[in-house]
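Biologist: Could you take me through one helix in close detail, along with whatever is packed around it? Plain talk is fine.

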Amino acid sequence: MAHILIVEDEALMRETLRRGLELLGHQAVVAADGVRGLEEIISFKPDMVLLDLFLSDEYFNGLELLERIRTIYPELPVVVMSGYGTVDSAVEAMKMGAREFVQKPFDIGQIASIIDRVLEVISLRAEVATLRSSQGVGDAGGEFVYASASMQAIAARAHALGENRALSALVCGEIGSGKTALTRYIHEQVQPHTRPLISVSCYQIAVEGRAPDEIFGNPASQRVSRCELADGGSIVFEEVGCLGEEFQRALLDFIDNRCIGRAGNQRRVDVRIMATSTAHLAPLDNGGAMLPELLQRLGANSFFIPPLRERVEDIEPLCRSFLSSLSTHGPSLDIDACMRLLPSDGEWSGNVGELRNWVERIWLEYRVIRCEEDFEDGEMTDV
C-alpha cells in the first residue's frame with residue numbers, strides 16, 4: 001500500500017482517482033489547488049504525487065508546483081497528468097524531474113501500472129542503499145562514499161545518531177570535505193527518501209538581513225516557514241557561524257522546544273536539526289561569535305570530517321563512484337587507468353569536489369581519444 005496525494009482541480013476526476021486508488025488498496029488524499037497540495041505534502045507525507053499539469057490556481061500552475069516540490073522534496077516521485085496533449089509541457093515537466101507522464105483520458109489500470117513502477121524504483125533504491133551499507137562502503141548515490149577507517153567510524157556514529165531524530169548534530173570540516181553528504185546520510189537513516197531535507201544558508205541570511213520569522217514562523221503570518229516545511233524530516237543550517245545573535249537565540253529556542261508559530265497558534269514539529277561549519281566555532285566568552293549554550297547544544301553530537309588528503313583510502317572508491325556516474329554517457333575509463341593517472345603516486349592534495357572535476361576532465365579526454373581512434377578506423381562514435 002502506498003500513500004498517494006492527488007492534486008487535481010477537476011472535482012469529478014479528483015474523486016474518481018481517489019476511489020480508484022482506494023479500491024487498489026492505496027491510501028489517497030486529494031487537493032484541489034497547488035497551495036492545498038503543498039500543505040498536504042507537509043502533513044500527509046505521501047510516497048508519491050499525482051499532479052494535474054494545468055491547475056487553475058492563482059498561486060501555482062502544475063509546473064510551478066512541480067518546481068516547488070523538486071526544490072523542497074527532491075526525492076518525492078511526481079507523476080504529471082494532462083488532458084491537453086501538449087508535448088512541450090510534458091517534456092518540460094520531465095526535464096524538471098517528473099517521474100512519469102500520463103495523458104488524459106486514462107483508465108485506472110494505466111495509473112496502477114505507473115504506481116507499481118514508481119514503487120518498484122523506490123524499493124530497489126532502498127535495497128541498494130542497504131546493500132552498500134552492509135558492505136561498509138558509502139552510498140555513491142548520496143555522494144557519501146568512503147573506505148578509510150576514519151570515515152567508517154564517522155559513518156557508524158552517524159548511523160547511530162540517525163536512529164533518533166530528536167538528536168541534533170554539528171558537522172565540521174574544510175570546504176569540499178563532504179559535510180553536505182554526511183548530513184544527507186544522517187537524514188536518510190530512519191525516514192524514507194521522500195521525507196523533506198531542507199537546507200538554510202546562514203551566510204545568505206546574514207547578507208540579506210532576513211528575519212528569524214521566515215525560518216521559525218510567526219504566529220501572525222500565514223506564510224509557511226522553513227521549519228514547518230521540514231516537519232517529519234530534517235533541516236540543515238549551513239555555515240551556522242554566520243548567524244547573528246538574534247538568530248542564534250531563535251535557533252536555540254527551536255532546538256529546545258521544536259515549536260513553530262503560525263496563524264495565531266504554536267505547534268510542535270518533528271524535525272531533525274543539523275548544522276555545518278567550515279570555520280572553527282568558538283563561544284562569545286572565548287573570543288568567538290557563538291552563544292555558548294547554542295554551541296554546547298549543537299556540539300553535543302559533533303563530527304569533524306578530515307580532508308581527503310588525510311584519508312587516501314577514500315580516493316579510489318570516490319573515483320570509482322564518479323566514473324560510474326559518467327558511464328551512463330558512454331564507455332568509461334577503467335578505474336585502474338584512472339588511478340595510474342593520478343598525480344603524486346595516487347595521492348590527492350585537493351578536496352572531493354576538485355577530485356570529481358579532475359575525473360570528469362580525464363574521462364572527457366579519454367572519450368575524445370576514443371572518438372579520434374574510431375574516426376581513423378573508419379567508425380564514428382558519439383561522444
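Modeller: Helices here are DSSP runs of H or I with at least four residues, strands are E runs of at least two, and both are numbered from the N terminus. It's a predicted model, where local features need pLDDT of at least 70, side-chain atom pairs count only at pLDDT 80 or more, and totals for chains, interfaces and linings use all residues. Numbering runs from 1 along each chain as its sequence is written, and side-chain values use heavy atoms, without hydrogens or water.

Let's go with H11, residues 245-257. Its 13 residues should span 18 Å, at 1.5 Å times one less than the residue count, and the end C-alpha atoms do sit 18 Å apart, so the two agree. Phe247, Gln248, Leu251, Leu252, Phe254 and Ile255 are its buried residues (under 20% relative accessible area with a 1.4 Å probe, protein chains only). Looking down the axis, they fall within an arc of 160° (taken from the directions from the axis to the C-beta atoms), so they line one face of H11. Just past H11, Arg258 takes a positive phi of about 50°.

H11 also helps cover H12, residues 292-299, whose buried residues are Leu294, Leu295 and Leu298. Those three span an arc of only 100°, which puts them on the same side of H12. Their cover includes H11, E6 and strand E11 (272-277).

Following E6 onwards, Ser177 lies in the loop between E6 (169-173) and helix H7 (179-187). At 5% relative accessibility, Ser177 counts as buried. Beyond its neighbours within four places in sequence, Ser177 is in contact (heavy atoms within 4.5 Å) with Ile305, Pro306, Arg311 and Val352.

Definitions and conventions:
Buried means under 20% relative accessible area, exposed over 50%, partly exposed in between (1.4 Å probe, protein chains only).
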